[in-house]
Structure formats: structure tokens, C-alpha cells
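Subject: Structure handover

Hello,

Here is the structure I said I would pass on. My notes on it follow below.

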Amino acid sequence: MPDSYSPQYVEAAWYPWWEQQGFFKPEYGRPSVSTPNPRGIFMMCIPPPNVTGSLHLGHALTNAIQDSLTRWHRMRGETTLWNPGCDHAGIATQVVVEKKLWRERGLSRHQLGREAFLQEVWKWKEEKGDRIYHQLKKLGSSLDWDRACFTMDPKLSAAVTEAFVRLHEEGVIYRSTRLVNWSCALNSAISDIEVDKKELTGRTLLSVPGYKEKVEFGVLVSFAYKVQDSDSDEEVVVATTRIETMLGDVAVAVHPEDPRYQHLKGKRVTHPFVSRSLPIVFDHFVDMEFGTGAVKITPAHDQNDYEVGQRHGLEAISIMDVHGALVNVPPPFLGLPRFEARKAVLAALKERGLFRGVRDNPMVVPLCNRSKDVVEPLLRPQWYVRCGEMAQAASAAVTRGDLRILPEAHQRTWHSWMDNIRDWCISRQLWWGHRIPAYFITINDSAVPPGEDPDSRYWVSGRSEAEALEKAAAEFGVSPDKISLKQDEDVLDTWFSSGLFPFSILGWPSQSEDLSVFYPGTLLETGHDILFFWVARMVMLGLKLTGKLPFREVYLHAIVRDAHGRKMSKSLGNVIDPLDVIHGVSLQGLHDQLLNSNLDPSEVEKAKEGQKADFPAGIPECGTDALRFGLCAYTSQGRDINLDVNRILGYRHFCNKLWNATKFALRGLGQGFVPSPTSTPAGRGSLVDRWILSRLAEAVRLSSEGFQAYDFPAVTTAQYSFWLYELCDVYLECLKPVLSGSDQEVAECARQTLYTCLDVGLRLLSPFMPFVTEELFQRLPRRSPQAPASLCVTPYPEPAECSWKDPEAEAALELALSISRAVRSLRADYGLTRTRPDCFLEVADEATGAVASAVSGYVQALASAGVVAVLALGAPAPQGCAVALASDRCSIHLQLQGLVDPARELSKLQAKQAEAQRQAQRLQERRSASGYAVKVPLEVQEADEAKLRQTEAELKKVDEAIALFQKML
């Protein structure tokens, strides 16, 4: 066994062996997955990472938690499936391949054509798409890779088509022209989760794709509309942050109770640039306090204005095309890009004398997180999912308790979202993704009028074009040969296929063994940031399409931040790659990664400074086990995680401690050691044997309860404390004299206890630290030849199996530990680090005396003391002893005579005494100064009082020591 722990050595070979042996498959150890299992079934699907993705700390946290849970359930004997999968990530993947195509061949996707472009995407996916799987394996994730699914696989694509057709036939999916988040750079609608909200405090210049110069945001421009037919040249002043949209204004709105505008009821204003007059409408949505209390209404380019337009029957005039160029406007604005038009409109208003001012305005600018383009609300015909009824069902499932959301604080968010849900736009103007199985109908018959795009009657869906044709013929009562179908060019929102994931991966809509056994699943574990985008949609679509909830519990973990609590972002230089924590990386290596990223050169320098401040010596090699254990130890329910790499390094040192403890234990067990067939203690167990088994039983209880409650820090703390503070610091130290002693029966009993501690302790840790525990476990002898081949399929310790709680032994050892701590403290106070001073215990009663006698040998071992003797009741301690309290029933007298130079110690103590007296006097004077009680903040007063108490206690200790040394002179 190597001298010290090396993550690289330990983590090199176990994973391929686990995989090859089939340990991660639910079939392992049973004839088939449908074989009844009295221990139950555990099924969880992975939140499918993007095919373009590479591992970040959020993935590492998700996988550390999910794999720990999966391994725990598997070790408990449940039929366990953790199903892997990968998302085709429509926009992200298309952008990556388009950039690659442009870089390597100077071609756009339109030059290549749809079919050829899709072939390029598939080619890229085959070459690069499994990178994330390799990284998940590196993390030790015990997924059943034979069941891995890709959302564009034929099986999952068939489920997507089936879901769309069924929902369209029921009227849940419908076509409508509404406002969508539009990215002009991508030429596509995007979902809310793909919109970053950039907060501005005032005037800011931002770079926008397609514009050479930066564009001004964060200002409010005021201008006047002249009231029509007014004798007094009356005007209404309105303000806007997007002045170019005034070309699409169709009304001005004021509040019905605003006294300033009551006289304008029924009046209109004149548009200065287009030949239309705009009605003044009265609507409660207007805020009377904001600006002039009058607002311009542009229904085709703003969500609130769209709703006002619907209420007042206003026309929605689109003034931008899909590229962001102006349409339906007069020259000189026609054809201008939207932000060029911004400048042109402002100049024209000034020229006409209608400009009324500009001021800074804090605002939020919506940015497309893929292209960094400013998102434009545009009116487009798209496909929508009616969410009202489905959301009510999802909300009711939580209210009834059929679906548990943990931590429970997130339930309020769930109900709030479900109560205020809007219909979901599922069209995306991309090529990569599931093409919408809907067809526009053209009928070659003059008797039937031609259809318009938004008219739902002219759209038909089908599992195939032949089925769609049949439906269209039946709908219009004409023969199929008179019908032409054109499939929608768009693809479905990626979240639509992700929403079907829990059942599409199991073969739905076809019946299969996997679907009948593993659906509904047990648990869904993910970050709380996608509760709505993913979890809610899985619940809604699961209930709608299968009649069942897709899982019974949802556990939402926190978001990982840096050590200072900041969100991780490339520009701050604080993004940590989990593989860098596992393998280690130099500061230069971190800098090099920035140069290969897509950061702006100006941001690279700032990011480098961030890296230099946080990782002056780079990141040390910590290993997978330490990273996993550390992430789980951090996961306090509901709180964000401020990750300090030094804490992960601490867990690497913990792995080293496990390694050394096991190495020592194996030497202590000896070559021919044979463990007893069961873990039930046999023979004459010593007090410390009973104590360590009692502490082990407590660690087992806390681990079991913690796992059941998703309280990961409770589990990691219990296991860390057992191994480090109880097994290593106490039991192994107490064992050294026993193993080298002459009493073979006691030594054998100790060996069996030591074996049980290693066996149970490694099994406890295994879900968090699979690699190092497997390595050490494989070096232990087995209790039986039939024992499982790997730790990962060995039974997890259950409280019923480990019923070794022993309060009497715990109380006795607690006294030994208190005495040892007090002895070590005195030895440190008097600089006795290299000698073993004798120790005399003064006890308050015979019962304490008996316990103190029983543990005196342990005190010798733990405190490096010489003789440890219990004084007879009332007997004085020898001269020249330092005194300390171990408990209210036991004092310690540590022999100093002959071990220290009293004169030298006295001079040191007198200097210390003078300094403590000066400090106490300063504090007393400060506290008695006039006005102290009134002027000084309460927390400072409390701190002063605590300092004074501490100084006085120190003085008392110094005075006692001076008296002791004066007697010794």
C-alpha cells in the first residue's frame, strides 16, 4: 500500500471496472427489473446537460448530490436506476456549429441549406457531443450508460411528435400571433430563461451585434404630441426609453382619475411623421406619478401596450422585420436598422420642435444570452401551449401533498408561478431541433378561400405527412389530391422535449418494461433556478399526457457562488472548472484558459486580477472524492454555496487521514487476521471498544436520518467527526498499547472492533467518496466468501444492524477526554511538549474515582502523560503541581517540580501579569468614562465586557501560577 494518499493513483481504474461489472444497472443481482423487490425501487433521471456543455461547478454539485443519493439507495438494496441523457440544446448547438462553419469554410447556414447544415450538426455531435459524459464519469457518477438518451434520438423524437399531435388535437396547442422575445441576431424567438436582464443605473453605452458604434441605453426621452383641433396649441408630453418605437404608436394613454387630462376625453393627438391621429385612451394601468402621467402605446412592440391595445381595440402596427430593420414607416426611416432609427427619430423630433428633454433612467435591458443581442418584443405567428388547466393540476398536486417540493420554502414560488402562468410559446425559428409536425394547408379548389397563417383551421398536425393529409382532406371535405401541405419551418422549444424527458426516455408512448417499472420516478433533484422552466413543465406534461406525476419528490439544491458570495462569471475570473479542482492547475494555467475563452480583451485583464487575488498559487490537486464530499458538506438547505477551494483541500487532507488510518489498522490487524462472521461484538470488549462502537452507531443513525431528510451536511459532519475525531484521534491512539500488549484476548477483541469500524465506516462514506473508500475496502479481508465484489453494491449500514449505543461507556470516555484536554492545555501553557509529566486526579466522590481509575490508561495514551494516579478522597496533591478542572467532579494536578525552572517561569509570568493588569485597567477606565453607557454602541459595550471578563480570568490563572512557582523556589 503506497505511503500516502494520491487522488490520481486511487481514481485511475475503479470506474471502468464498476461499469464493466454492471454495478450501475438496475438489473444487477436480479433476473430482471420487474422482479418484485421488497426494498422498493429508486428511479431518478439526470437533468440532461447541454450537448455543447462542459462541466462547471453547478453540474459538479448536482452530480455529487444525485450520485450520493443513488449510491445510498443502491447500497440499501433497492432496484436503482439513475438514467443519463443529454439535451440537443437547440440555440446553443446551432450557434456553435454556425460559428465553426464560418470560421473554417466562410459559409453561413443559409448558403449551405437546411439538410446539409443538419448533417454538419450531427457530425459535430458525434465528434464532440460525448465530452460531457466523459466528465461525468470523471466525477464518479454511477449512471446506467446503456440507457443514455439524447433528446434527438428516434425514440425521444417519436415521443415529441406524439405529444405535439395529441395536444394539438385536444386544442391545448394552438397557433396565434402574439408578442415574443425576439433575437434579431439569431432570427428566432427565445424563451425567458435565455434572456439575461442587464441592470443599468443610468445612461450607458452598450455594444450590440451588427452595430459598429455603441448604442445609448438608460435614458428617458420626452417629446410632445400636439392635441388635434386645439385652439391653444395644446400638447401632451410622453416619455420613452425606446424612442424609435414611437413610429408604431397608435394611442396615448392616461389614468381615468388623472385630473390633468379629464378635458381630453374623446380627443386625439397628431402623429408628426405618419398620417394618422392617435386617440387618447383612459386605462388604469397608467401610473399617474411617473413622468407626465401620459404614456405612448405601441401594441406591436411592448407587452403592456399590447394588453392595453387588446382592451381598447387598437390596431397593432409592426414597424420592424425579423432582422430589426424598420418597415411600415415613411422615409427617411424606412429600412433603417432599429438603433440607427433611434438617432434619426430623435433628430427629427428636435427639428420639428417636439423634443422636450432627456434624463437618466435606471432600467433593465433584456439581452439574449447566446448572441448578446438586445431582445426586441415582436408580433409573430407562433405555436402556443395553453397552460391554465395544466398549471392548476400541478399546483393542486403540491397542495394535496402528492408532490413534495423541498426545501418547502420553494412551494410558495411554485404556487405563485402556477397562479400567474401565461401560455407558453414553443416555436423557435431554428433548424436544429424537433421540426414542428404541423402543416399549412393549401387547397387547389377555387370554391375554398385561401387560408391565412394565424387561421388555425388551415393548420393540421400529424405523426407523418400522410396522416396530416388524411386529416386535412377530412376537415375540408375534399379529396387528398387537391391538397398541398407545407410543413412548418420552425422547431420546438428545447424545453418542450425536456418536459417529456421522465417518460420519453422509457419509450413512451409505447408500453415497455422500463416504463411500467420506472414511471413514475421517485425523485427529481436539480438547481432551484430551473424550478419553473423545467420542473413545472415536466409535472404539467406528465400529468396531461400520462395521467401520472413524473416523480413524487423534488429536491432543489442551492446555487454555487465564489468564496466572496459573488455569482460565478467569466469576466470576474471566478469561474472554477471542477476538473481544475480535481487535478490542480497553476495560476498561469488559469490565465491561459481566459485567453482561450470568448471574453472581451478588456475583460481578460480584470478576470486575471480576480484569479490572482483568489488563487495566488493556482488551485491545488484535491481529487474527485474531496470535491464531492466538500460540495455535499456545503449544501445547507435553501442557502447559496460560497465555495472556498481551501475547504475542499481540507477534505483532501481528510482522505489522507483515512488512508493512513486504514494503513495503520491493517498493520494492527496483522497478516492472518480473520474477521468474525458478523459485526456483533464477541468476547471481552474493553471500555474504549464499547465507546467507539457506540460512537459508530451514532454516526450510522445520523447518516441514515440525514440521507432520508436530504440533510447532506448532517451526514458529512457525522462521518467526518467519527473518522477524524473519534476513530483517529482517540480510538487508534488508545489501541497502540493494547495491540503491542500481552493480553491476546483483549487484543483480538480490539482487532475485531477495529475491523468493524473500518468496514462500517467505509460503507458509510462510500456514497460521497466512492474512489478512496473502494480502494481501502478492497484491501480489507471479507466476513464471508459470498460478500459482494464491490463496496458500491455492499449493504449500507442500517441503525438496526448497528445497535451498539452505550451511554455508560460514552460517559466514561467523555471524562477521559476532558482530563486529556486539560492535561494537554497545561502542558502547552508550561512548554512541556517533550516530557511526559505525572498527573494526579482529585475526584469529588468514589463513583468518579472509579471511572477515573478505569480510564487512566487511556489518559496516558491520549495526553502523553507519565503516571496517571487517582488521589484518595481528601488526600492532598504533591507539591509543585499546576491545577486545572476537567469537570465539576474532577480536578487535575500536573507535576511540574523538576520539569521547569521556577525562577525563569516566574519572570515570564510577572511580565504577563503586568500586561494583563494594564489591559484590565484600560478597559475599566474606558467603561467608567462619562457618557460611555449612552454614546457607545451596545455591541461595542458587550465586546468590552467580554474582553474584561477574559482578561480577569487570565489574570486569575497567572496569579495562581505565580503562587505555585513561588512555592517551588
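How many Å apart are the mean positions of the positive and negative charges of the protein? The protein carries 107 positive and 121 negative charges, and their mean positions are 3 Å apart. Please keep in mind throughout that this is a predicted model.

Overall figures

The C-alpha trace spans about 115 × 85 × 55 Å along its principal axes. The secondary structure amounts to 31 helices and 33 strands. Of the 969 residues in the protein, 54% are buried. The exposed surface comes to about 42,700 Å², with 51% of it supplied by carbon and sulfur atoms. Taking contacts between residues at least 6 apart in sequence, 77% join residues at least 24 apart.

An antiparallel sheet

One open sheet has four strands in the order β6-β5-β18-β20, with antiparallel pairing. Its edge strands are β6 (188-189) and β20 (424-425), and each of these pairs on one side only. In the middle of that order, β5 (residues 173-183) and β18 (residues 376-385) are joined in the antiparallel sense by 10 bridges. Opposite leucine 179 stands leucine 379 in β18.

A mixed sheet with helices packed on it

A second open sheet, also of four strands, runs in the order β31-β30-β33-β32 and has mixed pairing. Why does one side of β31 and of β32 lack a neighbour in the sheet? β31 (868-870) and β32 (881-887) are at the edges and have a single partner strand each, so one side of each is left without a neighbour. On average, neighbouring strands in this sheet are turned by 25 degrees against each other, direction ignored.

Strand β30 (residues 839-843) and β31 run parallel and are joined by three bridges. Phenylalanine 840 has alanine 869 in β31 as its bridge partner. Two helices that pack on the sheet are worth listing:

- Helix α27 (residues 807-829) touches β30, β32 and β33 (890-895), and its direction makes about 35 degrees with that of β33.
- Helix α28 (residues 846-863) touches β30, β31 and β33, and its direction makes about 175 degrees with that of β31.

The loop between α28 and β31 contains serine 864. This serine 864 has a positive phi of about 50 degrees, although it is not a glycine. With a relative accessible area of 26%, serine 864 falls between the 20% and 50% cut-offs and is therefore partly exposed.

Other loop residues

Alanine 89 is another non-glycine residue with positive phi, here near 50 degrees. Alanine 89 sits in the loop between β3 (85-86) and α4 (90-105). Its relative accessibility is 5%, so alanine 89 counts as buried.

Glycine 29 lies in the loop between α2 (14-21) and β1 (41-45). Is glycine 29 buried or exposed? At 75% relative accessibility, glycine 29 is exposed. The C-alpha atom of glycine 29 is separated by 9.6 Å from that of glycine 77, 48 residues away along the chain.

Cis peptide bonds

Two cis peptide bonds are noted here. Tryptophan 508 and proline 509 are joined by one, with omega about 10 degrees; proline 509 is in the loop between α15 (501-504) and α16 (513-518). Tyrosine 519 and proline 520 are also joined by a cis peptide bond, with omega about 0 degrees. Proline 520 belongs to the loop between α16 and β26 (521-527).

Regards

Note on methods: Residues are numbered from 1 along each chain as its sequence is written. This is a predicted model: local features need pLDDT of at least 70, side-chain atom pairs count only at pLDDT 80 or more; totals for chains, interfaces and linings use all residues. Side-chain values use heavy atoms; hydrogens and water are left out. Two strands pair if DSSP finds at least two bridges between them. Buried means under 20% relative accessible area, exposed over 50%, partly exposed in between (1.4 Å probe, protein chains only). Contact means heavy atoms within 4.5 Å. Accessible areas come from the Shrake-Rupley method with a 1.4 Å probe; for residues, only the protein chains shown count as cover. Lys and Arg count as positive and Asp and Glu as negative; His and the chain ends are not counted. The place of a charge is taken as NZ of Lys, CZ of Arg, CG of Asp or CD of Glu. Axes are lines fitted to C-alpha atoms, for helices over the stretch in contact, and angles run from 0 to 180 degrees between N-to-C directions.
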